[in-house]
Amino acid sequence: MSTTATDVTTSHADSGGTDWDPIFDEVGLPKDVNNIYTQTVASMLNAAEIVNLRHRVRIILAQPKNEIMVHFPVRMDDGHHKLFKGYRVQHNNAVGPYKGGLRFHEHVHLDDVKSLAFLMTMKCALVRVPFGGGKGGVKCNPRELSPGELERVTRRFTAAIANDIGPDYDIPAPDVGTNSQVMAWIADTYAAMAGRSSTNPFAVVTGKPISIGGSLGREKATGQGVVDVLLEMLPDLNIPIEDMRVSIQGFGNVGSWAGKILADLGANITAVQDHTGCVRNPEGLDVHALSEHVAQTGGVKGFENKANTGGSSRHSGKGCEVISVDEFWETPVDVFIPAALEGMLNEQRAHQLRARVVAEAANAPTTPEADAVLASRGIEVIPDMLCNAGGVTVSYFEWVQNRSNVIWDVEQVDRELNRIMCAATRRVIMAKQKYSTTLRTAAYISVLEHIGDIYNHRGIWP
Ligand code: NAD
């Protein structure tokens, strides 16, 4: 990458906040170590320093291009109207259209959405799919909404941001609290509003039901990608997959698929935690039965009644014990997979964790303080932007299929996903070796070299 002396910033920020990069002042970012967006940008700037990224690219990446905030009224079942707040942050589209999930959660906040949009720019660039980064959300608790209310929230939010999304411009997808049905309502609302002006309006979202253009293999894609990365990485870490002990935090879409695929390959999923409780079996839980239980009841709580009495339709004779949250973190495993929400692996948990590897299936699960503790304890962290990129990769396949009117079989999806995930993993390992750094910084380095090269070719106009 070409740089000039004046393009390069000489000091660096660290996530501990003691040595702030001047770019924080320049672009007006708060120097707050507890702010999740600040933490993310600090990590990127640290890697930018290593690769001498041009100053102009650093400031572009330090802030999103667009931050859209909307308020919209929705009629509730009892007849009254409630005002909801929604966000869509479009971080960067130098590589291609903005791409990223929509989260429905009561704690959705602009800084979280900005961080997740930023991470999408990094993730798409790392796996080299031609998308930029975006993210959105609605502040609501979907568990407290009736199906009708959820549909009306989704359609009103879509109408509010309809001019800001599109198959060539910004393509949302599912995230925490949203699913393929929500994507179907968005696609239908957008298609009705776009009319004849859009030739393929359903390509406005990915993660759709198969019957309206979703891709085979998309539902399991993020979990499958986690496994693809682990399988590529494990030989270097000297951990065989057979009887590998794994604990998983979060047993929703990503956690349950990663667990089921790993168990089918011979690993023992020894402990699982979600928002309802924790269960453990040192010999390995029956994660297929656990997944059925979670689908029926909404959480792992109560699984012991089925697992220990044969009450599960797939009862395997494998029982389980209910454990405390502290016992969950202290369960000895080879690999810990955080697959819940941001910031859940904090400093205290990093001290408690008894694992050799952390595979970040969730977005931003590890706080900077925890990252430092894990590094000091020699625990390898496979960063989110690599580990969970399988979801956006198969979303890209869905978009390609929609736009070219073809349907891939699941073998083709899995094969292409594996090819992309393995190539990205090798890229990160090579950068780690070249720069003697962590996997996280190596992933940023690989991304920044790619995006820096794109800006070098495109220039900045006008
Ligand atoms: P999900 O809603 O299906 O599952 C979330 C899980 O987190 C649930 O099991 C829930 O019980 C658990 N959880 C919530 N609060 C918790 C708490 N306080 N303690 C323990 N567990 C808790 O969501 P998902 O789609 O599986 O996403 C999980 C993570 O993966 C998120 O960080 C998301 O951004 C990320 N991710 C998802 C995808 C995707 O394709 N779904 C892609 C990339 C990244």
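**Exercises on a pocket and a ligand shell**

Six elements, α2 (36–50), α4 (110–127), α13 (368–376), β12 (380–382), α14 (384–387) and α17 (439–458), each give at least two residues to the lining of the second largest pocket. Helices (H or I, at least four residues) and strands (E, at least two) are DSSP runs, numbered from the N terminus.

Before you start: this is a predicted model, in which local features need pLDDT of at least 70 and side-chain atom pairs count only at pLDDT 80 or more, while totals for chains, interfaces and linings use all residues. Residues are numbered from 1 along each chain as its sequence is written, and side-chain values use heavy atoms, with hydrogens and water left out.

**Exercise 1.** Describe the second largest pocket.

Step 1. Its volume is about 730 Å³. Of the 35 lining residues, Ser-43, Thr-367, Pro-368, Asp-371 and Arg-440 are the closest to its centre. A pocket is an open set of points on a 1 Å grid over the protein atoms alone, where a 1.4 Å probe fits, with protein on both sides within 12 Å along at least five of seven lines; lining residues have an atom within 4 Å of a point. The volume is the space filled by probe spheres set on the points, which are joined across faces, edges and corners.

Step 2. Look at α2, which brings the largest share of the lining, six residues.

Step 3. Sort the lining by class: 16 residues are nonpolar, 12 polar and seven charged. Here Ala, Val, Leu, Ile, Met, Phe, Trp, Tyr, Cys and Pro count as nonpolar, Asp, Glu, Lys and Arg as charged, and the others, Gly among them, as polar.

**Exercise 2.** Work out what surrounds the ligand.

Step 1. Of the 22 residues around the ligand (a heavy atom within 4 Å), Asp-175, Thr-222, Phe-251, His-275 and Asn-363 come nearest.

Step 2. Check the classes: the shell holds nine nonpolar, nine polar and four charged residues.

Step 3. Find the polar contacts (N or O atom pairs within 3.5 Å). Polar side-chain atoms of Arg-103 and Arg-218 lie 3.1 Å and 3.4 Å from an oxygen atom of the ligand. For Val-254, a backbone N or O atom lies 2.9 Å from a ligand oxygen.

**Exercise 3.** Find the unusual backbone spots.

Step 1. Go to the segment after α17, where Pro-462 sits. The peptide bond from Trp-461 to Pro-462 is cis, with omega near 0 degrees.

Step 2. Move to Asn-238, in the loop between α7 (221–237) and β6 (245–249). Phi of Asn-238 is near 60 degrees, a positive value in a residue other than glycine.

Definitions and conventions:
Polar contact = N/O pair within 3.5 Å; in protein donor to acceptor, adjacent residues only side chain to side chain.
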